[in-house]
Amino acid sequence: MKPITLAEAAAIAALEQHHDTDLSHDGDHADHSHTHGRIPELTVAFDLAKARAGGAGSLTAEQIAFYDTEGYVVLERLLNAADMQPFRDSVHLRTNEIAEDLLRAGLISDKCEASPFETRLADLFAGLTDQDFLRFGRSWRDRLPGYFHLISNPKIVDAVESLIGGEIFANPVYNTRPKVPGVAAGAVPWHQDKSYWPGANANPVITVWVSMVDATLENGCLHIWPRTHNTRVLDWHADTYTGTGYTEIDPKYLKDARAVPVPIPAGSAILFNDRCIHMSTPNLSKGVRWSCDLRYQPTGQDPMSHLGAGFLVRSRQHPHRVAQLDDWLAKRTERAA
Ligand SMILES: O=C(O)CCC(=O)C(=O)O
């Protein structure tokens, strides 16, 4: 595989526009309803150098250079316990619903309410099957306030601003991943996120992968293939091993795959773009590998409304238009006038 330059990648992506698809990245809870707002649906040319020119954002020059060269950057312990609490509260609500459901179905007799966040979901499914688990989705995209607060967290948005400038749209695709032990669908095959939206944005969508517990080799941390972030979108197929339709890069490209495991402590983030090749391994621990992957793009790109309602998360030019929680809950992409 021959890496190409950013300019070439943008040109290829523009040519790929005709190649439409309605795959929804994990999308167990993808929402296909219409959205309201003033964000233009058209993809417009994005000038990366100009967007970065002001030097705003929280990343150091070294971190930006590492991202530009290697295709990813790790921000260790970016979030503290208070930053992660809204996410944990939302997950707690969902886990309670699941426990109730399993109890009603006669699959469990104990809702494991005494179990901690780190193990409760694993404890609930300990004696059950993959299918029992997958009934609730391999990843979740509920519209719960904790997810809005996480996506809007200034520590995350500041880091993204260093990479794409201060006009930022939160892409509708975000996934809470409850990777429980023993469920095959927890491991994600080699892929590029862009294979889920090959006909969309010409410019990279930035993924911010946040670990809510320590992500380790044992519990299935992310593995990145460095320097693949300027690669064109490679042929892929829907994976058949897990039966969950993950996209998987054609094995012909994987002979030279260089997997760099990226274990990180809780609260850390890995930033990479939607062409960077990555995967994750199975969870062999006894706890849940909780993570949430968020996505951001410059405004003026395809908002991918068919995948749900994203929102304006930062605008240096029009700060009053930035969506608040009530806008997001109502699926408005910008602050109501
Ligand atoms: O969380 C994982 O295990 C995989 C995440 C991933 O593939 C993604 O965020 O695109």
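**View 1. Helix H8 and the glycine that follows.** In this predicted model, Gly 165 comes right after helix H8 and has a positive phi, near 90 degrees. The helix spans residues 154-164 and is mostly covered, with 8 of its 11 residues buried. The buried ones are Ile 156, Val 157, Ala 159, Val 160, Glu 161, Ser 162, Leu 163 and Ile 164. As you trace the helix, keep in mind that an α-helix has 3.6 residues a turn, so residues three or four places apart point the same way.

**View 2. Strand S1 beside strand S10.** Find the short strand S1, residues 72-75, and look at its two faces. Tyr 72 and Val 74 are buried on one side, while Val 73 and Leu 75 are buried on the other, so that both faces are covered. In a regular strand the side chains alternate between the two faces of the sheet. S1 pairs with strand S10, residues 269-273, in the antiparallel sense, over 4 bridges. Leu 75 stands opposite Ala 269 of S10.

**View 3. Inside the largest nonpolar core.** This core has 79 residues, and the members that touch the most others are Val 160, Val 208, Ala 269, Ile 270, Leu 271, Leu 294 and Val 313. You have already met Val 160 as a buried residue of H8, and Ala 269 as the residue opposite Leu 75. Which residues does Leu 294 touch, leaving aside those up to four places away in sequence? They are Leu 150, Ile 151, Ile 156, Tyr 174, Val 208 and Val 210.

**View 4. Phe 169 in strand S2.** Phe 169 belongs to strand S2, which covers residues 167-170. Why is Phe 169 called buried? Because 28 other C-beta atoms lie within 10 Å, and 20 or more are enough for a residue to be buried. Val 205 is 36 residues away along the chain, yet its C-alpha atom and that of Phe 169 are separated by 9.8 Å.

**View 5. The residues around the ligand.** The shell consists of Arg 177, Val 188, Asp 193, Thr 207, Trp 209, Leu 222, His 278, Ser 280, Ser 291 and Asp 293. Sorted by class, 3 are nonpolar, 4 polar and 3 charged. Three strands each supply at least two residues of this shell: S5 (206-211), S11 (278-280) and S12 (289-298).

**View 6. Stepping back to the whole chain.** The chain has 9 helices and 13 strands. Of its 337 residues, 48% are buried. Among contacts between residues at least 6 apart in sequence, 85% join residues at least 24 apart.

Note on methods
Residues numbered from 1 in each chain as written. Predicted model: local features only at pLDDT ≥ 70, side-chain atom pairs only at ≥ 80, totals over all residues. Near = placed C-beta within 6 Å. Nonpolar A, V, L, I, M, F, W, Y, C, P; charged D, E, K, R; others polar. Core = buried A, V, L, I, M, F, W, Y, C linked by C-beta atoms within 7 Å. Buried ≥ 20, exposed ≤ 12 C-beta atoms within 10 Å, placed from the backbone. Contact = placed C-beta atoms within 7 Å. Pairing = 2+ DSSP bridges.
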